[in-house]
Amino acid sequence: MATTQTMTPSMKRERRANLRRNAFYLALIAIGLVAPFFAYPVFLMKVLCFALFACAFNLLLGYAGLLSFGHAAFLATGGYVTGYLLASYPALTPELGILIGTAAALVLGAAFGALSIRRQGIYFAMVTLALAQLMFFFYIQAPFTGGEDGLHGVPRGHLFGVISLRSNLAMYYFVFAIFLFGFALIQRAVHSPFGQVLKAIRENEPRAVSLGYNTDAYKLVAFILSAGLAGLAGSTKTVVFQLASLTDAHWHMSGEVILMTLLGGVGTLFGPVVGAGLVVSLQHMLAQSPLGNWVGPILGVIFVVCVLSFRSGIVGEAMKMYRKNFK
Amino acid sequence: MTMIFGVPLAVFMGQLLLGLINGAFYALLSLGLAVIFGLLKIVNFAHGAMYMLGAFATLLGMRYLGINYWAALLLAPLFVGLLGMLIERVLLRRIGHLDHLYGLLLTFGLALIFEGTLVNFFGVSGARYPTPEALQGGYQTGFMFLPKYRAWVLLAALVVCFATWYIIERTRLGAYLRAGTENPALMQAFGVNVPLLVTLTYGFGVALAAFAGVLAAPLYPVSPTMGSNLLIVVFAVVVIGGMGSILGAIVTGLAMGLIEGLTKVYYPEAANTVIFLVMILVLLLRPAGLFGKEA
């Protein structure tokens, strides 16, 4: 064959790496497909929703170097908009509800992003936190959110008007598909030229500017993408649990997603997924143990330990070890 | 009765006073944040927790140790300041060389620990401690009733704010501090013990927060979450004012308190959010903040 004859060793290596990566992805997808037969699907869906949320957050922190302390606002916006629409208009199908919820988060992300990228570093974090708190107060007072009680009894409905999502298994595969879509989008974005420019901005913004990149535009697009995906996670979560509440809008939630990302590994593709899985499992376990009231302080301790001595996170450390020992 | 834009003068002045008192708290807290940020370059997310600990130290000291208010005014900030110095020595120092975002994350973790632990022991509902006897009652001025305690809080907060300004801008120690903010390595080369200066600065900053906590306690219920909600507003105040100037922090804090008070009079629904809206406006018109320098 002509193609094999012209292949250089480096091309071969690359092809092998690609094969390995594809096999790895396929194996993970297979695990995801059979998982609901081994674990409680509702728990898995919760993990997937938070994993998508954390991946969206990581796109901003891990690749553009922007620490948003207000991502709860987007999660909550997606959740509230989807919840309100599905509860008020029974004719609306869940995928449309989720789509509109995501669009709402996208619009909010455009507004907040345009404001917050006007300041850098520490100030960026404080601005996003303050803007999210503004949304928190808005959602307490707004008539459509149910205030302190939240929205309950949001119907899951029929996917495309056909497939009933009442069964947890059907719901699970829908959530899994959404997660895969979000993850693939992030994976694509990170490895595209756009993602390379984001990394350049993270490493040295003035230099990226001097190379002629309009860094503000790149940061804004990353912010909007991240906000939209966080909204997608919130919308999906609302359909799964059939409720939307103020918990999602609280700054604790913005902190939790930071912890998930930090624990799993900032700036790695799988880190946020692993971190979300761990934090959700931990909360689940603690809630049933006598330590149930100590979730907050325990998360705080994990935060401190991560920052002091585990900054690459689990996936980051694992990759370091892999590189050291196998390459 | 005299009316101001359809609101009775007494109500108007009362809300203005409340706003001014809130503003004094914003000023004290953002002052501490600015002092810490200047030298350590970290935003102290545990600042709200330190404010809360100041109030709790007073409450518990009064309840179990029989400490009176005036002693607590001194002892609570001292206690919290020492705790802060310990935190700086044991934790913050180890991440000093890293990206400053890690400082924010570490202190966020600390805030979760303090807040969550106290919630487990005292719940979230909160307790009050009595106004000291000497400060009960009030003055009947021509246009409003001025409670003594509120007058005292305002006076004490302003005195501490301006004393801090004086120390930093007019004394030798303050000169070291300002020099350390500019170039710590050079300071070290001149033989100034910079690590000690950093520890003292952090302790002083959080002691200011604790002092505000002691002042606040007879006015607001003492609860473990009292600090975090306030802190987010203070962050907005800091974004509005910029952390570059001490006097700027004081002025912005007071002004935002007043604006909040005025909003409470004319449009109470927005009282919680008006400072965030001002922040948005400032970001649009003057991104570096009112007193900030473009980074």
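**Group meeting: a predicted model of chains A and B**

Let me begin with confidence, since this is a predicted model: among the elements of chain A, helix 1, residues 2-5, has the lowest mean pLDDT, at 55, while helix 10, residues 215-241, has the highest, at 94. Where pLDDT is low, the predicted coordinates should not be read in detail. For chain A as a whole the average pLDDT is 89, and 98% of the residues score at least 70.

Turning to the overall form of chain A, we have 14 helices and two strands, and the C-alpha trace spans about 65 × 45 × 45 Å along its principal axes. A compact globule of 327 residues would be expected to have a radius of gyration near 20 Å, and the 20 Å computed for chain A agrees with that. Buried residues account for 47% of the 327 residues of chain A. If we take the contacts in chain A between residues at least 6 apart in sequence, 77% of them join residues at least 24 apart.

Next, the annotation, which I take from the UniProt record and which comes from an unreviewed entry: for chain A, "transmembrane region" covers several spans, including residues 73-92 and 294-314. In the model, residues 73-92 of chain A are 80% helix and 0% strand, with the end C-alpha atoms 24 Å apart, and residues 294-314 of chain A are 81% helix and 0% strand, with 23 Å between the end C-alpha atoms.

For chain B, UniProt likewise lists "transmembrane region" in an unreviewed entry, and among the spans are residues 104-129 and 196-220. Residues 104-129 of chain B come out as 73% helix and 0% strand, the end C-alpha atoms being 32 Å apart, whereas residues 196-220 of chain B are 84% helix and 0% strand, with a distance of 35 Å between the end C-alpha atoms.

I would like to stay for a moment with helix 8 of chain B, residues 194-216, where a simple check is possible: at 1.5 Å a residue, its 23 residues should span 33 Å, and the end C-alpha atoms are indeed 33 Å apart, so the two values agree. Of those 23 residues 18 are buried, and helix 8 of chain B is therefore largely enclosed by the rest of the structure.

How do the two chains meet? In this model, 33 residues of chain B are in contact with 33 residues of chain A. On the side of chain B that touches chain A, at least two residues each are supplied by helix 4 (100-122), helix 9 (226-241) and helix 11 (274-285) of chain B. Which of these helices gives the most? Helix 4 of chain B does, with 15 residues. By residue class, the side of chain B that touches chain A divides into 23 nonpolar, seven polar and three charged residues.

Finally, two backbone details that you may want to look at on the screen. A:Gln242, in the loop between helix 10 and helix 11 (251-264) of chain A, has a phi near 60°, a positive value in a residue other than glycine. B:Lys41, which is not a glycine either, has a positive phi of about 60°, and its place is in the loop between helix 1 (9-40) and helix 2 (47-65) of chain B. Are these residues buried or exposed? A:Gln242 is partly exposed, because 15 other C-beta atoms lie within 10 Å, and B:Lys41 is also partly exposed, with 15 other C-beta atoms within 10 Å.

How values were computed: Residues numbered from 1 in each chain as written. Chains lettered and ligands numbered in written order. Predicted model: local features only at pLDDT ≥ 70, side-chain atom pairs only at ≥ 80, totals over all residues. Helix = DSSP H or I, 4+ residues; strand = E, 2+ residues; numbered from the N terminus. Rg over C-alpha atoms; globule rule 2.2 N^0.38 Å. Buried ≥ 20, exposed ≤ 12 C-beta atoms within 10 Å, placed from the backbone. Contact = placed C-beta atoms within 7 Å. Nonpolar A, V, L, I, M, F, W, Y, C, P; charged D, E, K, R; others polar. Expected span 1.5 Å × (residues − 1). UniProt positions renumbered as here; feature names shortened; annotations may be inferred. pLDDT = per-residue confidence, 0-100.
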